[in-house]
Amino acid sequence: MDSSQMEDGMEMELMPGYLELSTRAFSVVSSAFGECKDCGLELSIRTLLDNAYITWTEILMLFLCTVMWTKVRRGLTLYIFEAQDIAVLLEMVRTAGNPPCDFHSPPSLTELFIEASCQPNTHPSSVSAPDRTAADAEPPFGQWCCIPPKDVSKMPESAWKLVFYTMSWSYSTYLLFFTSYSFFQNPPSVFYDWKSGMSVPTDIAIAYLIQGSFYGHSIYATIYMDAWRKDSLVMVVHHFITLALITFSYAFRYHNIGILVLFLHDINDIQLEFTKINVYFKIRGGKEYLINDVLSNMGAVSFSITWFWFRLYWFPLKVMWATCVTSIKTVPDIPFYFFFNMLLFALLLMNIYWFLFIVLFVAKVLTGQMKEVNDVREYEEEVQTGKLRTETTDQTEEKHEQNGIDKKKHQ
């Protein structure tokens with residue numbers, strides 16, 4: 001492989017192709033496996049005890065921040081997207097009359113509040129409650145925007161993720177492109193000067209604490225707070241693998257490669273949630289807005305392109321080349337070589353799995369089966385005669401009651 005000279009005098013290896021990655025990685029991994037004569041549980045335990053550096057204080061901080069993310073999300077969801085006063089809400093529902101939206105199937109409290117508030121003769125100022133008036137209650141954001149109830153219930157999840165991933169990816173971008181770190185330009189450099197138990201720079205340690213605790217929260221949120229989708233089980237597995245990668249890479253001081261992995265993945269979550277929010281905003285108060293339709297289409301196109309570019313091109317050719325091939329040359333006895341590469345390979349397989357959903361979406365658009373941007377992972381919903389009617393199997397309905405729109409009891 002050719003190499004070029006960096007400004008600091010360090011040689012920078014050029015990025016390989018898929019064929020070179022496959023052949024070299026297979027050769028290096030096979031050779032390492034053949035030379036590992038003492039591999040087994042005993043060696044793994046000894047290596048773990050000798051090379052893993054993480055304190056109980058750090059573990060406690062990770063747990064507390066995980067709880068904090070959950071509490072903050074619940075509080076913001078309640079304050080921004082849900083009614084501020086249940087007594088006022090119930091009184092508004094009782095005096096609402098016939099809802100104008102005429103949605104089929106028994107609505108939830110949030111849906112009733114939205115429908116009641118859309119009535120011309122049921123403005124909050126005309127409803128009273130024993131201790132305070134409805135005018136004193138701030139209407140939820142979704143109701144204020146007149147978004148359909150089926151989308152209001154999913155909007156807090158997308159808004160929450162959009163804000164977090166925008167901040168986290170911006171911070172990773174800052175670390176990789178506006179500091180002295182050259183991990184993106186020269187991925188093999190992530191293992192230069194690696195030492196067991198070496199100190200973690202404060203700026204990277206902060207990123208690890210934020211990301212690790214958020215993925216801990218995301219495991220709970222996917223099961224109990226988010227809408228249940230066709231890939232939700234895979235998403236839970238993904239969060240467990242990501243949390244394991246973050247935790248163990250920190251303990252074994254592979255934090256440099258960890259920042260690169262996070263940078264290559266977070267950008268797609270920004271585009272996904274941005275697209276979904278514009279889909280939710282496309283129809284407001286029964287009227288379709290062109291600007292949100294255009295933004296959702298643009299978001300879907302950029303999401304599809306960057307998913308392949310960041311997760312299926314740069315991720316294997318930068319990250320896995322560094323971890324599979326060059327790491328063992330730089331650090332011959334690198335700890336848990338097989339374990340970390342196995343987790344990264346599992347992450348790559350899940351990226352390919354989700355890319356199939358993107359291909360399915362593009363195929364439906366090209367064949368005319370889908371006229372507008374929609375999340376193909378969602379359980380299908382049909383609109384007939386102006387009424388929203390969800391047609392699913394009993395098993396799907398049970399999943400929704402536990403994990404989807406009706407998970408209010410967990411929030």
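Cys65 has a relative accessibility of 19% in this predicted model, and because the limit for a buried residue is under 20%, Cys65 counts as buried. Cys324, at 8% relative accessibility, likewise counts as buried. As for cysteine pairing, a disulfide is a covalent bond between the sulfur atoms of two cysteines. With a cut-off of 2.5 Å between the sulfur atoms, the count of disulfides in the model is zero.

Helix H3 spans residues 56-81 and contains Met68. Met68 is partly exposed, its relative accessible area being 38%. Together with Val72, Leu76, Tyr79 and Ile80, Met68 makes a nonpolar surface patch of about 420 Å². The spacing of such positions may be read against helix geometry. An α-helix has 3.6 residues a turn, so residues three or four places apart point the same way.

Helix H3 also holds Arg73, which is joined to the loop between helix H9 (202-224) and H10 through a salt bridge to Asp226; the closest N and O atoms are 2.7 Å apart. This pair links distant parts of the chain, the two residues being 153 residues apart. Both Arg73 and Asp226 are buried. A further salt bridge is formed by the side chains of Glu157 and Lys161, at 3.0 Å from N to O. Because Glu157 and Lys161 are four residues apart in helix H8 (residues 155-177), about one helical turn separates them. Glu157 is buried at 3% relative accessibility, and Lys161 is buried with a relative accessible area of 17%. These two pairs belong to a wider arrangement: Arg73, Glu157, Lys161, Asp226 and Arg229 are linked in a network of salt bridges.

The model has nine salt bridges in total. Another of them joins Asp293 to Lys282, with the closest N and O atoms 3.6 Å apart. Asp293 lies in helix H12, whereas Lys282 lies in the loop between H11 and strand S3 (283-284), 11 residues apart along the chain. Asp293 and Lys282 are both buried.

Helix H11 itself comprises 27 residues, 255-281. At 1.5 Å a residue, H11 should span 39 Å, and the 39 Å between its end C-alpha atoms agrees with this expectation. Of its 27 residues, 26 are buried, so H11 is largely enclosed by the rest of the structure. In the loop between helix H10 (232-251) and H11 lies Arg253. Arg253 has a phi near 65 degrees, a positive value in a residue other than glycine, and is buried with a relative accessible area of 10%. Phe336, also not a glycine, has a positive phi of about 55 degrees; Phe336 is placed in the loop between helix H12 (290-330) and helix H13 (337-366).

A contact between remote sequence positions involves Ala25, a residue of helix H1 (residues 18-35). The C-alpha atoms of Ala25 and Trp321 are separated by 7.3 Å, although the two residues are 296 residues apart along the chain. Ala25 counts as buried, at 13% relative accessibility.

Annotation from a record may be set beside the model. An unreviewed UniProt entry places the feature "transmembrane region" at several segments, including residues 162-184 and 334-362. In the model, residues 162-184 are 70% helix and 0% strand, with end C-alpha atoms 24 Å apart. Residues 334-362 are 90% helix and 0% strand, and the end C-alpha atoms are 42 Å apart.

Conventions:
Residues numbered from 1 in each chain as written. Predicted model: local features only at pLDDT ≥ 70, side-chain atom pairs only at ≥ 80, totals over all residues. Heavy atoms only, no water. Expected span 1.5 Å × (residues − 1). Buried < 20%, exposed > 50% of the residue type's maximum accessible area, 1.4 Å probe, protein only. Patch = residues over 30% accessible without salt bridge, like charges linked within 9 Å, V, L, I, M, F, W, Y side chains within 5 Å. Areas by Shrake-Rupley, 256 points an atom, 1.4 Å probe, with all protein chains shown as cover. Salt bridge = Lys/Arg side-chain N within 4 Å of Asp/Glu carboxyl O. UniProt positions renumbered as here; feature names shortened; annotations may be inferred.
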